[in-house]
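Trainee: Could you take me slowly through one part of this model, the place where its domains meet, and then say what can be told about the ligand? I would like one connected account that I can follow with the structure open beside me.

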Amino acid sequence: MQVIEAIRKRRSIRRFEQKPIPLETLKKLVDAARVAPSAANLQPLHYILVVNADLREKIFPTLTWAGYVAPKGTPPPGEEPVAYVIILINKDVAREDYQLDAGAAIENLLLTAVEEGIGSCWLGAIDRHTIREILDVSELFEIESVIALGYPSEEPVVETMKDSIEYWKDDSDRLHVPKRSLEEVLEIKE
Ligand SMILES: Cc1cc2nc3c(=O)[nH]c(=O)nc-3n(C[C@H](O)[C@H](O)[C@H](O)COP(=O)(O)O)c2cc1C
């Protein structure tokens, strides 16, 4: 798959098949994140891969899904994520701009997931305190984001934004994601 194809195909997925993802595939996603650009090459990111069913059940209620269409964007029973990657920042290593490192690494992970046929959702609206307790995360690490993963059981569509940036669901429960047009965001100096 071409990189541009993965970029265009990637959408946030919030309904998943209950089919396990092979551990080797999940490790490949984190390995793609590992080699992302990093300011001063400090590489402050650390990752926890959660596949254990009991832990997944505990993590699920700590996540907030798709605010603009709540509660319809929350994965319904039987379509929850089958794995999570918890993105951590090593505070001993990180500089102030660590969020840029996190963004680059996470996008690598999400695009590799597309290539593997895996759907993902990047979650920042998370209960960090409870996640720390569930996974016994050391205070050395900041909990940055959670990436939910699974084979997709929905197919959101992207469209050109008209009046609003808010994604919405149609009568058949399909998610529509407005993106600003190239004309709106690009300025060319020739
Ligand atoms: C930093 C960040 C935090 C996000 N947090 C959440 C979240 O907490 N819950 C959620 O359902 N989606 C979350 N998203 C996904 C966005 O809602 C999604 O990227 C956006 O609606 C555009 O849809 P797309 O990913 O399909 O292009 C987050 C995305 C980013 C980049």
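Mentor: Let us begin with the interface itself, keeping in mind that this is a predicted model: domain 1 and domain 2 bury about 860 Å² between them, and 53% of that area lies on carbon and sulfur atoms. On the side of domain 1, the residues that lose the most area to domain 2 are Y68, V69 and K72, which together account for 55% of what that side buries. To place these parts along the chain, note that domain 1 covers residues 3-154, while domain 2 covers residues 159-185. The centres of the two domains, taken over C-alpha atoms, are separated by 23 Å, and the contact draws on 11 residues from domain 1 and 9 residues from domain 2.

Turning to the polar side of this interface, we find 1 salt bridge across it. If you look at R15 and D173, you will see that they form a salt bridge, with their closest N and O atoms 2.7 Å apart. Between domain 1 and domain 2 there are also 3 residue pairs counted as being in polar contact, and the side of domain 1 that touches domain 2 is made up of 3 nonpolar, 2 polar and 6 charged residues.

Now move your view to the ligand, which is surrounded by 15 residues, the closest being R11, S12, T64, A66 and K179. A66 places a backbone N or O atom 2.7 Å from an oxygen atom of the ligand, whereas R10 has a polar side-chain atom 2.9 Å from a ligand oxygen atom. At G124, a polar backbone atom lies 2.9 Å from a nitrogen atom of the ligand. Considered alone, the ligand exposes 620 Å², of which the protein buries 72%.

Technical notes: Residues numbered from 1 in each chain as written. Predicted model: local features only at pLDDT ≥ 70, side-chain atom pairs only at ≥ 80, totals over all residues. Heavy atoms only, no water. Domains from an automatic or database assignment. Contact = heavy atoms within 4.5 Å. Buried area = accessible area lost by both parts, 1.4 Å probe. Salt bridge = Lys/Arg side-chain N within 4 Å of Asp/Glu carboxyl O. Polar contact = N/O pair within 3.5 Å; in protein donor to acceptor, adjacent residues only side chain to side chain. Nonpolar A, V, L, I, M, F, W, Y, C, P; charged D, E, K, R; others polar. Near = heavy atom within 4 Å. Areas by Shrake-Rupley, 256 points an atom, 1.4 Å probe, with all protein chains shown as cover.
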